[in-house]
Amino acid sequence: MSAATTRSRTPDRLCAEAVDLARAAAEEAAAPGVVGEHVGLVSEGDRVVTHFFECKELGYRGWRWAATVARASRAKIVTLDEVVLLPGPDALLAPEWVPWSERLRPGDLGPGDLLPTDQDDLRLEPGYSGEEEPPPNSAVSEEMAELAEAEDADVSPGTPAAQPTIPSRGSIAGVAEELGMRRARVLSRYGLRAAADRWEESFGPKTPMAQAAPATCMSCGFLIPIGGFLGQAFGVCANEFSPADGHVVSLGYGCGGHSEAAVMPKPPQPAAPVVDETRVDPFPLRPARDSGSVPEAGDDETAELGHS
């Protein structure tokens, strides 16, 4: 260990005593009233000492004003080097910076926002290639290559991004345009697996809802099948009362809204009235004379009462 290293561990006496010089420099650099008590010093080297003062600025809890002073060899005068605001051991610091591509979460994209994708995004691969052999999982399959060969088509030069907006007829891009496959990139195997993992995590058989369900979505009448490779394991829920309505669900998922979980019985219907059309009941137009509750009186009885 050198003598210079040994001396640097011990603060220089004159620099250590220059507390007033360091405070005046800190107060000149800071706003009035934000420089607090002297909280310590540290030796930065031979005849170089940094004094720390408490920072009372709002929002800078635990920060310290650091004023570094020094003196030349064999000199009696201490001079100022610099003044900075530094975080202390218990300072309140901002979280570590993370790139936006890693901070982005599902649901962060709003109206008008644009989400760029890297040219080498592992989730995507060229929909059609400028090479003779297309990618194994691209839209330009072996059947597409055979069709291009049958049409005597030429391979389009360059990457998909470099292709013109209107492809020339007779090229692979032109054949893809005619078949409705004009997509520069499609999902790769990695992209398919990543999507399947996300959907399994949200609406998969291991979720608490699926564990308590009476049956799986595979036998539910509200399940809408989807095409492609993912259609073998996923579908879309169309039950408005299900928590997965409008979402892609695993065939092993399930909820209490299963179409066959509990079928409500039909309410009882009253019997239809029976009308007997084979019998006729006669009804007189005028009531009979002896149908009343009072017996009819004869002429002899009425004569005694003076009735004519």
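How many aromatic pairs does the structure hold? This predicted model holds three of them. The views below show two of these pairs along with their surroundings.

**View 1. Y60 and W63 form an edge-to-face aromatic pair.** The ring centres of Y60 and W63 are 5.3 Å apart, and the planes make an angle of 85°. Y60 is partly exposed, at a relative accessible area of 35%. W63 is buried, with a value of 17%, because the limit for a buried residue is under 20% relative accessible area.

**View 2. F203 and Y253 form an edge-to-face aromatic pair.** Here the distance is 5.6 Å centre to centre, with 90° between the planes. The pair links distant parts of the chain, 50 residues apart. F203 belongs to helix α7 (residues 189-203), while Y253 sits in the loop between β9 (248-250) and α9 (299-304). F203 counts as buried at 15% relative accessibility, and Y253 is buried as well, at 3%.

**View 3. The side chain of R64 lies over the face of F52.** The distance from R64 to the ring centre of F52 is 4.0 Å.

**View 4. F53 is a buried residue of strand β2.** The relative accessible area of F53 is 0%. Leaving aside neighbours within four places in sequence, the contacts of F53 include V19, A22, R23 and A26, and also V35, G36, E37, H38 and V39. W63, R64 and W65 are in contact with F53 too. The C-alpha atoms of F53 and V19 are separated by 9.7 Å, and the two residues are 34 places apart along the chain.

**View 5. The largest nonpolar core has 16 residues.** Among its members, V35, F53, W65 and V69 touch the most other members. The elements giving two or more residues to this core are α3 (19-29), β2 (48-55) and β3 (63-70). Strand β3 provides the largest share, four residues. Not counting residues up to four places away in sequence, W65 touches A26, A30, V34, V35, H51, F52, F53, E54, C55, V83, V84 and L85.

**View 6. Another core, of nine residues, lies apart from the largest one.** Its members include F203, A210, A244 and Y253. Two of the residues named here, F203 and Y253, form the aromatic pair of View 2.

**View 7. Strands β7, β8 and β9 form an open antiparallel sheet.** The strand order is β7-β8-β9. Because β7 (223-225) and β9 each have a single partner strand, they stand at the edges, and one side of each is left without a neighbour in the sheet. Neighbouring strands are turned by 50° against each other on average, with direction ignored. Strand β8 covers residues 234-237, and three bridges join β7 to β8. In one bridge, I224 has V236 of β8 as its partner.

**View 8. Helix α7 lies across β8 and β9.** The helix runs at about 80° to β9. F203, one partner in the pair of View 2, is in α7.

Terms used:
Residues numbered from 1 in each chain as written. Predicted model: local features only at pLDDT ≥ 70, side-chain atom pairs only at ≥ 80, totals over all residues. Heavy atoms only, no water. Phe/Tyr/Trp six-rings, centres within 6.5 Å; stacked < 30°, edge-to-face > 60°. Buried < 20%, exposed > 50% of the residue type's maximum accessible area, 1.4 Å probe, protein only. Lys NZ or Arg CZ within 6 Å of the ring centre and 35° of its normal. Pairing = 2+ DSSP bridges. Axes fitted to C-alpha atoms, helices over the stretch in contact; angles between N-to-C directions. Contact = heavy atoms within 4.5 Å. Core = buried A, V, L, I, M, F, W, Y, C linked by side-chain atoms within 4.5 Å.
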